[in-house]
Every structure is written in C-alpha cells, then in structure tokens.
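Please open the model in your viewer and keep the sequence panel beside it. This tour goes from one selection to the next, and at each stop it says what is there.

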Amino acid sequence: MVRTAIEVDACSLDSTSSEDVLAIDAPLVFKGGCVSWPAYRKWNLDYFKSNFGTIDVPVSRYNTKGQEAESDRLHLRLEEIVNQLEAVEAQAQTADEKLDSYIAGWHYSSSAPSLNDDIIIPKLFENNLLPYVNDNILKYDWRSLFIGSSLSHTPVHTDSFYVAVWIALIRGEKVIRYVPSLYHSEMNERPDLFSSADVGKLEEKGVPVYEAFVEQGDIVYHPPGWWHQVRNTSYNVAVSFNYVPEEFYLPFEQQLLAKSVAPILLRVLELRQSLSKSFSTDAVTNSLLSSSYKQRSIKLEALLDHMKQGIQDRRRSLDNSENNL
C-alpha cells in the first residue's frame, strides 16, 4: 500500500527549524507554501513567452528518448516549447505522446536572472551551503525550472551529490512517488513507482513507497538520497532548489570530492607522471628551473601523492557505504 506524504501548514516554513525537518526524514508537503511569492502571481505560459521566449532552453523527452545526459539534450527556444505545450493542453487526452517536450532542469540564473526576484526563500531553507559552493568552490547552480505539459514526467532517480530538494509548484498539479534512501540496492533495476506490479514487488521486499499529491501553490520537500518519480497531471511550472544544510554537509562533501575534485586531481597526477622523465633527464629544462622552484615542486609532488591516497581512501569509503545501503 502506497503511503501518503506528510502534509504541513505553510506557516511551518517560517516557524520550523531545519533540525525538526531533518528529524522527520520523510517527504513533506507545505500546503500553500509559495502563494505569497510574486512568481505565483506572474508566472504562466504567456509571461515566459513574452519575457524569455528567445532564450534557448534544454529539453527532455522522457517518453521517446528516455534518460539523457544534460550535454545530450536538445536546446530549443522557450517560445517553441510554450507553443507546443499550449497545443498539447488544447488537445487534452488526445494529444500525441511524442509531443512530450519537457523543460526539465533549466538552470535559468545565468540567462534569466530576473526570475530570482520573484522568489522568496522560506526561512526554513535559508541555511543552505550550496550558494557558498557556487560562489567560492565550483560552479553548482542549485536552482532550476521545470515547465511541461500533462504528458511530461521524470523517471525514477535520485539527485546527484546527495542533496535534499524542495520544489515550489507555481502552476498545475503533480504526483510524486518516493522510496527511502535506505533501500538503494532494491532500486537497482529502476522500477516504475507508478506501476502497481512494480510497487507490489517492492512491497513484497518490505520496501515502502510514499506518494505526495502536490497542488498549485504548494512546496514539497524530500530528504537526500530518496528515490523519486514524477507524474504531471496537468500543465506545470515549478522551480526546484537543491538544499544542503550544515547537518548534511559531510555526505555532500564526499560526493563533491568523488565526482568533481577527484577527476581533476587524478588528471593532474597523470600529467605530472607523464612529464616526470623530462624533469629528471632534460638538462636544459633543469637548468631553467631555479632551486626555489625545484623545492616547491618537490613539496607539490608530495602534496599530490597525499591527495591521491586520500582520494583512494574516500572512494573505498563511498563504495563500502553504498554497498551497505
């Protein structure tokens, strides 16, 4: 039996501490959580077409293309997608499923930064480390827009870097189904959480499935690592925010090191190793290197070796933790 997500009054967004939310460890729906936002008054298809129609946006087609890497997604003008969405909604149930273009995860801040003026970050989610990461460590755009028709959906997945997520639904309705992060191994075959047969198999294994019905104006939150799958039951406009409070920092850091920092460091090490013979045998090169540079180079080599060992240790730790999920 599918369990219902916990519904919470919107006032909790300003009165509830992050510790209280994290202690629940379950999806939460804050009813009417974004109805006071300027976005709730302004954002509709005409607004996006009039103000941002010429911007190229990434398009997903999960019905016909399945899961695609972000770099492989087709980019089209936003006005083209809006015109298609309007046509789909006009046809309702008779619409061709091939018209499933979904602006799923448009990192809009660089191309349409004024949209951020229409958003009010709730007090509950202000303690977020990701803006600092984006400004000081590496490019990590933690805000994204989703605009799609009733034909659009997202397949079952977890979010990268072990982040929590909260979503404000500005227009439409959607249903989201979840599986807790503790059941990672049971999700290897990517079951369809909207299939009664697949859900039945999960229940036989003791895997709980949760469902959140999200209405226009609601904010929905889910903890890090939770599997989720989305069905849009009408045309949708939603804005999504990745969220890492201090309590979630350590697992996020491990993911950050393993997926972003480690590949760069390893390529640096490979380059150094490929050039090491030149450093030791090329008399001209050696004569050009000052003694102080040579000393710094030796120290750097020792530091890189230390980092390499640390990366290997962290990877083993991550592998062990994933195997234990």
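Are Trp43 and Phe48 buried or exposed? Select both residues in this predicted model, and you will find that Trp43 is buried and that Phe48 is buried as well. Their rings form an aromatic pair of the edge-to-face kind, with 5.6 Å from centre to centre and 65° between the planes.

**The whole chain**

Now zoom out until the whole chain is in view and colour it by secondary structure, which shows eleven helices and 14 strands. Of the 325 residues in the chain, 44% count as buried. The chain exposes about 16800 Å², and carbon and sulfur atoms supply 51% of that area. If you consider contacts between residues at least 6 apart in sequence, 82% of them join residues at least 24 apart.

**A sheet of five strands**

Next, select the strands of one open sheet, which has five strands in the order 1-11-10-13-8 and mixed pairing. Its edge strands are strand 1 (3–4) and strand 8, each of which pairs on one side only. As background, strands of a sheet pair through backbone hydrogen bonds, and they do so either parallel or antiparallel.

Begin at strand 1, which pairs with strand 11 in the parallel sense over two bridges. Select Thr4 there, and look across to Glu211 in strand 11, which is its bridge partner.

Then follow strand 11 itself, where the side chains alternate: Tyr210, Ala212 and Val214 point to one face and are buried, while Glu211 and Phe213 point to the other face and are not buried. This fits the general rule that in a regular strand the side chains alternate between the two faces of the sheet.

Move on to strand 10 (residues 174–179), where six of the six residues are buried, so this strand is largely enclosed by the rest of the structure. Which residues lie on each side of strand 10? Lys174, Ile176 and Tyr178 are on one side, Val175, Arg177 and Val179 are on the other, and as all of them are buried, both faces are covered.

Strand 10 and strand 11 (residues 210–214) run antiparallel and are joined by five bridges. To see this pairing, select Tyr178, which stands opposite Tyr210, and then Val175, which stands opposite Phe213. Strand 13 (residues 227–232) also runs antiparallel to strand 10, and six bridges join these two strands. Here Val175 stands opposite Arg231, and Lys174 stands opposite Asn232.

Finish the sheet at strand 8 (residues 153–157), where you can select Thr154. With a relative accessibility of 7%, Thr154 counts as buried, because the cut-off for this class is under 20%. Leaving aside its neighbours within four places in sequence, Thr154 is in contact with Tyr62, Tyr102, Gln229, Val230 and Arg231.

**Aromatic rings**

Show the side chains of the aromatic residues, which make 20 aromatic pairs in this structure. In one of them, the ring centres of Trp37 and Trp166 are 6.2 Å apart and the planes stand at 85°, so the pair is edge-to-face. This pair links distant parts of the chain, since Trp37 is in the loop between strand 3 (28–31) and helix 3 (38–42), whereas Trp166 is in strand 9 (residues 164–171), 129 residues apart. Both Trp37 and Trp166 are buried. If you add Phe30, Phe125, Trp142, Tyr221, Phe241 and Tyr243 to these two residues, you have selected one aromatic cluster.

Two further rings have a charged side chain over them. Arg171 lies over the face of Tyr40, at 5.5 Å from the ring centre, and Lys259 lies over the face of Phe161, at 5.7 Å from the ring centre.

**A last stop in strand 14**

Finally, select Asn242, which lies in strand 14 (residues 236–243). Is Asn242 buried or exposed? Its relative accessibility is 17%, and therefore Asn242 counts as buried. Show its side chain together with that of Tyr140, and you can trace a polar contact of 3.1 Å that joins the two. Not counting residues up to four places away in sequence, Asn242 touches Asn128, Leu130, Tyr140, Trp142, Val163, Ala164 and Val165. Trp142 is also a member of the aromatic cluster visited earlier.

Definitions and conventions:
Residues numbered from 1 in each chain as written. Predicted model: local features only at pLDDT ≥ 70, side-chain atom pairs only at ≥ 80, totals over all residues. Heavy atoms only, no water. Buried < 20%, exposed > 50% of the residue type's maximum accessible area, 1.4 Å probe, protein only. Helix = DSSP H or I, 4+ residues; strand = E, 2+ residues; numbered from the N terminus. Pairing = 2+ DSSP bridges. Polar contact = N/O pair within 3.5 Å; in protein donor to acceptor, adjacent residues only side chain to side chain. Contact = heavy atoms within 4.5 Å. Phe/Tyr/Trp six-rings, centres within 6.5 Å; stacked < 30°, edge-to-face > 60°. Lys NZ or Arg CZ within 6 Å of the ring centre and 35° of its normal. Areas by Shrake-Rupley, 256 points an atom, 1.4 Å probe, with all protein chains shown as cover.
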